Amino acid sequence: MPLVSVRSVLPPGLRLNAVARVFGCLGLLAVGLLCVLSQSAVAGRFDYELRPRQVAPDTWLVEGRRESFSTTNGGNIVNVAFIVTDAGVVLFDTGPSLRFGQQLRHAIARITDKPVVLVINSHAHPDHFLGNQAFADVSIGALSGTTTQITQNGDSFATSLYGLTGDWMRGTEVVVPAELPPDNPLILGGHRLRFLAFEGHTGADLVMLDETTGVLFAGDLVFYQRALTTPQTPGLAHWRAELDQLAQLDYRLLIPGHGPLDDTRQAINQMQDYLAWLDATLSRAARQGLTMTQVMALPIDPRFDAISLTRYEFSRSVAHLYPGYEEAAF
Ligand SMILES: [Zn+2]
């Protein structure tokens, strides 16, 4: 619903009559107070409260909530991170909206006076790239598959996110990323950044390894303590094979697309464990001829209880994936 300020409902040229003169001062004071309150309520309502925290040398994380999209969180369920190099800031993902991107840019400017010189979009899901608009004057790079997906589906992603989060999205428009820098690894401002292309989550999933600090920016190839999402996976076996490759990389700190950072190498293990369980559960159900509704009601192994939103995302994964398992069983 559009917000109407108190000021806009007062008729222009309001003239005080005799009664109003008596109460006028108090009334105007009250109206003034209402104006102040309503403006601060609006400002507060759309404040993502982004607080970057340093997690490694030159490296900052803005951690999203372990929730699904809502009008309360405005889509702030995603991790974005940035590296302050000597040559400027490299930003990994831009969040779910124009407002988020603008507030992120301010948050970065409070930490460094260096400009943002490169933005990376890890993949084409709307919570990761719809803040691009606030960085439209900066080089934005992504895998070509991501650029294609955003060109084709970006508007419908933005519309559906608007439906889920409401006015947080106001003014948000799709800004399509360009190509990645031609150098790989890219040496920039004292950091050596390697870009790796995977497919398991959406068909085009970029991972960035800062070989200088050992920080792995995993995007949504890795969810940690928050259930993974499967609407566009090319297949669970494919995803699991890529996680094996990811585990071989020489890193010391992993920043997942969602959930807390991981310096104990547990996040990939948790992903592998859940994906193996999900794959086996759907295969077995298809062999038994269960209906989709029956599969959604199956118990979830208690070892996944601590992962946020497991039941919710399991139901969604059944809807996305079970028809394929049924087909394979026939
Ligand atoms: Zn995603």
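## A cis proline and a positive phi

Pro185 sits in the loop that runs between α5 and β7 (186–188). In this predicted model, the peptide bond leading into Pro185 from Asn184 is cis, and its omega is near 10°. Another backbone oddity turns up at Arg265, which is not a glycine and yet has a positive phi of about 60°. Look for Arg265 in the loop between β11 and α7. Both spots are worth a glance because most residues other than glycine have a negative phi, and most peptide bonds are trans.

## How the helices pack

Two packed helices are described by the angle between their axes and the distance between the axes. Start with helix α7, residues 267–288, and its packing against α9: the angle is about 50°, and the axes are 9 Å apart. That makes α7 and α9 oblique to each other, since an angle of this kind falls outside the parallel, antiparallel and perpendicular ranges. As for handedness, α7 passes α9 in a right-handed crossing.

Helix α7 also meets helix α6 (residues 236–247), with axes that come within 10 Å and cross at roughly 160°. Angles over 145 degrees count as roughly antiparallel, so α6 and α7 are roughly antiparallel to each other. Here the crossing is left-handed, with α6 passing α7.

## The largest pocket

Now for the open space. The largest pocket has a volume of about 400 Å³, and its lining is made up of 20 residues. Which of them lie nearest its centre? They are Phe69, Pro126, Asp127, Pro231 and Arg316. Two or more lining residues come from each of α4 (126–129), α5 (144–165), β10 (215–223) and α9 (310–329). Of the elements, α5 gives the most to this lining, with four residues.

In chemical terms, the pocket lining has nine nonpolar, six polar and five charged residues. Domain 2 (53–265) and domain 3 (278–329) each supply at least three residues to the lining of this pocket. Helix α9 thus comes up again here, having already appeared as a packing partner of α7.

## Two closed cavities

How many cavities of 30 Å³ or more does a search of the whole structure find? The search finds two. The largest cavity holds about 60 Å³ of space. Its lining consists of Phe223, Arg226, Ala227, Leu228, Gln270, Met271, Tyr274, Ile307 and Thr310. Helix α7 gives the most to that lining, with three residues. By class, the lining of the largest cavity has six nonpolar residues, two polar and one charged.

The second largest cavity has a volume of about 50 Å³. Around this second largest cavity you'll find Asn79, Val80, Ala81, Phe92, Asp93, His128, Phe217, Ala218, Gly219, Ile255, Pro256 and Gly257. Strands β3 (80–85), β10 and β11 (253–258) each put at least two residues into this lining. The class breakdown for the second largest cavity is seven nonpolar, four polar and one charged. Strand β10, then, lends residues to the second largest cavity and also to the lining of the largest pocket.

Key
Residues are numbered from 1 along each chain as its sequence is written. This is a predicted model: local features need pLDDT of at least 70, side-chain atom pairs count only at pLDDT 80 or more; totals for chains, interfaces and linings use all residues. Side-chain values use heavy atoms; hydrogens and water are left out. On a 1 Å grid over the protein atoms alone, a cavity is a set of points where a 1.4 Å probe fits but cannot get out, and a pocket is an open set with protein on both sides within 12 Å along at least five of seven lines; lining residues have an atom within 4 Å of a point. Grid points are joined across faces, edges and corners, and a volume is the space filled by probe spheres set on the points. Ala, Val, Leu, Ile, Met, Phe, Trp, Tyr, Cys and Pro count as nonpolar, Asp, Glu, Lys and Arg as charged, and the others, Gly among them, as polar. Domain bounds come from an automatic or database domain assignment. Axes are lines fitted to C-alpha atoms, for helices over the stretch in contact, and angles run from 0 to 180 degrees between N-to-C directions. Angles under 35 degrees count as roughly parallel, over 145 as roughly antiparallel, 65 to 115 as roughly perpendicular and the rest as oblique. A crossing is left-handed if the near helix is turned anticlockwise from the far one by less than a right angle, and right-handed if clockwise.
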